Amino acid sequence: MNNKIPNHVGIIVDGNGRWATNRGLSRSKGHEAGFINLQKLTAYMYEKGVHYVSAYLFSTENFKRSETEVNFIMNLLTGKLKEILEFCHQTKIHAFFSGRKDKLSKKVLEAMNTIEEETRKYTDRQFNICFNYGGRAEIIDATKKILYDVENKTLEINNIDEELYNKYLYNNLPSLDLLIRTSGEKRISNFMLWQCSYAEFYFIDTLFPDFKAKDFDKALEEYQNRDRRFGGIDYDKKNH
């Protein structure tokens, strides 16, 4: 095993509702428990040496859920604004958002803007909150922006490569190194499709509110034991 720490960790926050249902609570209580756990977990990840964390909190498809549940999640963001800012300042985190702005209320958009602006000064720890997000939507939106610039002759089509394309995504982030999904589901559900091309996947049955530091340590150990070749072959290892 080596001690390599992933630079960018993505986590699909899953199982909040089931966690609450199993306890005879409303699904809203599960989201609240997940919110509290996310703060503790991300703080621990940064302490371990991770620089970028991307959390999948609300997908474009989640609007299909009940109006009560959707409204609670939206109000959780605005109602916990002060607490979120205190957490970011205490842990020196720059928090920002990836996703489409349509369907979000003015109050939610204002809260998002406040969080981004007031934490912008922090540069070492980056927290990407994927909210009203979809991986396919991100690729489509980036392509539209590229086409617009090509049509307006501010971009040469022959200059388009992977590095440039990445800059047109919602945020210009490094590729994911480790992608974690809780709750036992073994799919990525349209999460950061461009960025997870060579990510190591780690699936665990634990529901997100119960996913603690010790569980992340296990994911980290698994990551460190994997041989990341990015399509190549380590011939020195092969010959020994």
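**Exercise 1. Determine which elements line the largest pocket, and characterise that lining.**

Solution. Helix 1 (16–22), helix 2 (27–47), strand 2 (52–59), helix 3 (67–79), helix 4 and strand 4 (125–133) each contribute at least two lining residues. Here helices (H or I, at least four residues) and strands (E, at least two) are DSSP runs, numbered from the N terminus. The model is predicted: local features need pLDDT of at least 70 and side-chain atom pairs pLDDT 80 or more, whereas totals for chains, interfaces and linings use all residues. Residues are numbered from 1 along each chain as its sequence is written, and side-chain values use heavy atoms, with hydrogens and water left out.

Next, consider the individual contributions. Helix 2 gives the most, with seven residues. The lining comprises 35 residues, and Val 13, Asn 16, Tyr 56, Leu 57 and Phe 58 lie nearest the centre of the pocket. A pocket is, on a 1 Å grid over the protein atoms alone, an open set of points where a 1.4 Å probe fits, with protein on both sides within 12 Å along at least five of seven lines; lining residues have an atom within 4 Å of a point.

Finally, the lining divides into 19 nonpolar, ten polar and six charged residues. Ala, Val, Leu, Ile, Met, Phe, Trp, Tyr, Cys and Pro count as nonpolar, Asp, Glu, Lys and Arg as charged, and the others, Gly among them, as polar. The volume of the largest pocket is about 710 Å³, taken as the space filled by probe spheres set on the points, which are joined across faces, edges and corners.

**Exercise 2. Describe the second largest pocket by its volume and lining.**

Solution. The space in this pocket amounts to about 230 Å³. Twelve residues line it, of which Glu 162, Ser 175, Trp 194, Ser 197 and Tyr 198 lie nearest its centre. By class, six are nonpolar, four polar and two charged.

**Exercise 3. Analyse the packing of helix 2 with helix 3.**

Solution. The two axes come within 10 Å and cross at roughly 30 degrees; axes are lines fitted to C-alpha atoms, for helices over the stretch in contact, and angles run from 0 to 180 degrees between N-to-C directions. Helix 2 and helix 3 are therefore roughly parallel, the term for angles under 35 degrees. Their crossing is right-handed, meaning that the near helix is turned clockwise from the far one by less than a right angle.

The contact (heavy atoms within 4.5 Å) involves Arg 27, Ser 28, His 31, Glu 32 and Phe 35 of helix 2, together with Glu 69, Phe 72, Ile 73 and Leu 76 of helix 3. These residues divide into four nonpolar, two polar and three charged.

**Exercise 4. Analyse the packing of helix 4 with helix 5.**

Solution. The axes of helix 4 (residues 81–91) and helix 5 (residues 106–118) come within 10 Å, crossing at roughly 15 degrees. Helix 4 is therefore roughly parallel to helix 5, and the crossing is right-handed. Leu 81, Ile 84, Leu 85 and His 89 of helix 4 make the contact with Ala 111, Thr 114, Ile 115 and Glu 118 of helix 5. By class, this contact has five nonpolar, two polar and one charged residues.

Conventions:
Parallel < 35°, antiparallel > 145°, perpendicular 65-115°, else oblique.
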